[in-house]
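User: Could you take a close look at the salt bridges in this one? I'd like to hear which parts of the chain they join and how buried or exposed the partners are.

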Amino acid sequence: MPVVNKRKICVVLVDRANYGRLKPVMHSIAAHPSLELQVLAAGTMVLERFDQPVRIVRQDGFQVDGEIYIELEGSTPATMAKSVGFGVVEFASEFQRLKPDIVLLIGDRYEALSAAIAAAYMNLCVVHIQGGEVSGSIDESARHAMTKFAQFHFPSTRRSAEYIIRMGERPDTILGVGCPSSDIAREMDRRCSAELINSRGAGARIDVQQPFLLVIFHPTTTEFGGERVQMEELIAALEDVKEQTVLLWPNIDAGSDHVSKAIRAFRDRRRPAWLRTLINLPPEEYLKVLANTACAVGNSSSFVRDAGYFGTPVVLVGQRQAGRETDLHVTRVTPNKTEISQAIRQQLSHGRYKPSTLYGDGYVSQRIADGLATLNPYIQKRLHFIHDVATQPPALGSDLRPPTTDHRTLVSDH
């Protein structure tokens with residue numbers, strides 16, 4: 001029989017959330033008869049102080065083709081910028097070694113941006129997932145830069161698809177719509193055991209049969225210098241509410257050390273009997289906690305997209321997700337103790353919301369794999385401006401609609 005040359009898809013993983021959303025896509029690529037999966041792990045995926053999430057990748061049965069160390073310690077704007085430079089150098093070396101046909105990236109991390117730059121200058125075709133979204137922090141700029149480096153796109157929402165077209169991308173380069181993390185949410189067993197939380201981390205033992213909060217607060221890099229005060233306001237609100245709480249440590253962005261110091265100072269000084277801190281959770285286990293928490297509090301993008309699929313109430317704090325499309329489960333507040341505590345109590349009183357498919361219907365990953373197998377790679381990009389999006393034929397699989405004026409979009413009809 002003739003040998004079939006499979007298309008090599010290099011998936012770049014740069015942090016724990018990154019992997020959580022790409023895992024179902026990686027399974028679909030590995031199972032596809034026309035595709036070969038390559039995996040590069042970088043950023044906090046390989047760092048011991050983040051519990052080396054790359055180990056989970058291997059435990060899940062994936063071969064990791066390369067580990068890249070690019071993070072410069074310090075968690076300041078300068079170390080972030082320099083880490084991008086290290087990333088360009090290291091990703092270029094790995095792409096030269098692996099010779100992928102397509103580089104697959106997701107989201108808005110600066111580490112992924114460095115992979116996009118390296119791939120573009122090496123004439124590699126780039127496919128970007130989750131482009132076209134609006135948010136706060138430097139992530140807003142990194143995401144749109146990656147869109148301009150990418151030849152093909154798989155945005156999470158219809159509005160995002162429209163924004164990509166308005167940025168000058170051809171409608172036929174949009175391969176479909178939906179966030180792949182919804183696939184895990186649809187398929188998984190949502191039951192959450194006490195051991196899942198209490199077998200790791202430190203602090204109070206959490207009774208999962210009773211209401212508990214899930215808290216994640218990352219620094220907003222464009223507000224560098226104010227993150228410790230913001231975290232202290234959030235902690236003060238949590239102490240006021242005094243519900244048992246699971247808190248995950250922040251990411252590595254500029255200002256994360258200040259957020260961590262605020263948490264440690266409070267924990268050591270007050271020794272709260274209601275708080276448990278965790279470094280990391282594998283993707284499915286994290287989603288189980290998110291699905292079972294009485295209320296998620298903080299500024300993780302998972303609170304916008306994944307929590308909506310479960311109908312989990314959310315208190316979204318600060319500007320990190322400013323402008324992000326949200327459904328009815330999200331209440332936005334400033335980093336103010338009174339606002340946060342009042343919003344938490346209101347969300348606890350409200351209870352669960354109707355599940356939303358704004359960010360995916362749970363059948364996204366196979367569509368991405370099929371798109372990767374059938375697209376026609378090209379290198380040279382040009383601006384493609386149109387006068388009226390509504391007069392153009394819809395992009396493949398996207399079912400585009402006119403943009404909404406209200407970010408609190410109702411449940412969509414995927």
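Analyst: Here is a walk through the salt bridges, pair by pair. Keep in mind that this is a predicted model. The structure holds 31 salt bridges, and a few deserve a proper look.

Let's start with Arg159 and Glu325, whose side chains meet at 3.6 Å, N to O. Arg159 sits in helix α6 (residues 158-166), while Glu325 belongs to the loop between β12 (314-317) and β13 (330-333), so this pair ties together parts that are 166 residues apart in sequence. What about burial? Under 20% relative accessible area counts as buried, and Arg159 comes in at 5%. Glu325 is buried too, with a relative accessible area of 5%.

Now over to helix α9 (residues 227-241), where Glu232 and Arg228 are 4 residues apart, which puts about one helical turn between them. Their side chains form a salt bridge at 3.3 Å, N to O. Here the partners are partly exposed: Glu232 has a relative accessible area of 38%, and Arg228 has 32%.

Helix α9 also supplies Glu239, which pairs with Arg270. The N to O distance in that salt bridge is 2.8 Å. Arg270 lies in helix α10 (residues 256-270), so the contact links helix α10 to helix α9 across 31 residues of sequence. Arg270 itself is partly exposed, at 49% relative accessible area.

Finally, there's a group that goes beyond simple pairs: Asp15, Arg109, Glu111, Asp139, Asp253 and Arg320 are linked in a network of salt bridges.

How values were computed. Residues are numbered from 1 along each chain as its sequence is written. This is a predicted model: local features need pLDDT of at least 70, side-chain atom pairs count only at pLDDT 80 or more; totals for chains, interfaces and linings use all residues. Side-chain values use heavy atoms; hydrogens and water are left out. A salt bridge is a side-chain nitrogen of Lys or Arg within 4 Å of a carboxyl oxygen of Asp or Glu. Helices (H or I, at least four residues) and strands (E, at least two) are DSSP runs, numbered from the N terminus. Buried means under 20% relative accessible area, exposed over 50%, partly exposed in between (1.4 Å probe, protein chains only).
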